[in-house]
Amino acid sequence: MKDKLLVIGLKNSSEKAFNKLFEIYYPKIKAFLFSLNLNHSYEDVIQETFITVWNKRASIKIDKSFDSYVFTIAKNYALKSLRKQLSNEIEVSDFHLQDTSNRADQLYDSKYFQEKLESSLLKLPPKPKTVYTLKRNNGLSTKQVAAELDIAPKTVENYMTMALHFLKKELEHIVR
């Protein structure tokens with residue numbers, strides 16, 4: 001019953017209701033993702049899940065199970081992440097099987113991408129750049145970054161989302 005009231009609040013764009021639903025469902029979704037062996041990118045999946053929940057809040061059906069709704073979204077992002085992970089693993093194994101001329105081309109492409117990524121990182125605003133660097137390059141968790149920068153974990157997530165969206169837009173012409 002309490003979830004239903006929170007979903008009604010969410011439909012009415014209540015950030016307080018959204019944050020409470022996040023607090024309730026974050027550990028449940030995290031456990032679900034760990035059961036799928038999605039250990040490394042679980043935070044990205046959870047973040048994408050709740051971004052989708054917020055963006056589609058107006059279309060949520062109050063008479064339907066919010067639990068099923070949020071887990072379906074998480075499952076879809078998890079599958080997308082697992083496909084990407086598998087694709088990356090296949091690319092790595094293919095890389096090792098190709099001849100040396102192809103390897104030289106791929107090394108050049110990889111170096112080119114890395115240079116473009118570094119160039120794009122320089123364009124990021126200071127806070128998102130710092131958060132991205134601490135999470136991706138230093139391997140810190142959201143909580144660790146929040147503690148180091150003395151900001152809320154939700155703020156870390158927001159900065160990370162900003163950084164990822166910016167980099168995706170900056171690099172989309174290379175990754176196609």
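**Exercise 1. State what share of the protein is buried, and describe its fold elements.**

Solution. Buried residues, those under 20% relative accessible area (exposed is over 50%, partly exposed in between; 1.4 Å probe, protein chains only), make up 28% of the 176 residues in the protein. This is a predicted model, in which local features need pLDDT of at least 70, side-chain atom pairs count only at pLDDT 80 or more, and totals for chains, interfaces and linings use all residues. Residues are numbered from 1 along each chain as its sequence is written, and side-chain values use heavy atoms, with hydrogens and water left out.

Next, take the elements, which are DSSP runs numbered from the N terminus: helices (H or I, at least four residues) and strands (E, at least two). The protein has eight helices and zero strands. Lastly, consider contacts (heavy atoms within 4.5 Å): among those between residues at least 6 apart in sequence, 60% join residues at least 24 apart.

**Exercise 2. Check the length of helix α2 (residues 15-35) and locate its bend.**

Solution. The expected span of a helix is 1.5 Å times one less than its number of residues. For the 21 residues of α2 this gives 30 Å, and the end C-alpha atoms are 29 Å apart, so the two agree.

The bend at a residue is the angle between axes fitted to the seven residues ending there and the seven starting there. In α2 the bend is about 35° at Y25, and the proline P27 follows within four residues. After the helix comes N37, with a positive phi near 60°.

**Exercise 3. Identify the residues of α2 that are buried, and relate the helix to the largest nonpolar core.**

Solution. The buried residues in α2 are A17, F18, L21, F22, Y25, I29 and L33. A nonpolar core is a set of buried Ala, Val, Leu, Ile, Met, Phe, Trp, Tyr and Cys residues joined through side-chain atoms within 4.5 Å. The largest one has 22 residues, of which Y25, I29, F50, V53, F66 and V70 touch the most other members. Two or more residues each come from α1 (2-11), α2, α3 (42-55) and α4 (66-97). The largest share, seven residues, is from α2.

Take V70 as a worked case: leaving out residues up to four places away in sequence, V70 touches Y25, I29, T49, F50 and V53. A second, separate core of 13 residues includes L117, L121, V145 and L171.

**Exercise 4. Describe the largest cavity and the setting of T142, one of its lining residues.**

Solution. On a 1 Å grid over the protein atoms alone, a cavity is a set of points where a 1.4 Å probe fits but cannot get out; lining residues have an atom within 4 Å of a point. Grid points are joined across faces, edges and corners, and a volume is the space filled by probe spheres set on the points. There is one cavity of 30 Å³ or more, and the largest has a volume of about 80 Å³. Its lining consists of F22, Y26, E43, I46, Q47, K135, T142, V156, E157 and M160.

T142 belongs to helix α7. With a relative accessible area of 6%, T142 is buried. Its contacts, not counting residues up to four places away in sequence, are E43, K135, P153, V156 and E157.

**Exercise 5. Find the loop positions of S13 and D150, and classify their exposure.**

Solution. S13 lies in the loop between α1 and α2, and its phi is positive, near 65°. At 35% relative accessibility, S13 is partly exposed. D150 lies in the loop between α7 (142-149) and α8, with a positive phi near 55°. Its relative accessible area is 71%, so D150 is exposed.

Definitions and conventions
On a 1 Å grid over the protein atoms alone, a cavity is a set of points where a 1.4 Å probe fits but cannot get out, and a pocket is an open set with protein on both sides within 12 Å along at least five of seven lines; lining residues have an atom within 4 Å of a point.
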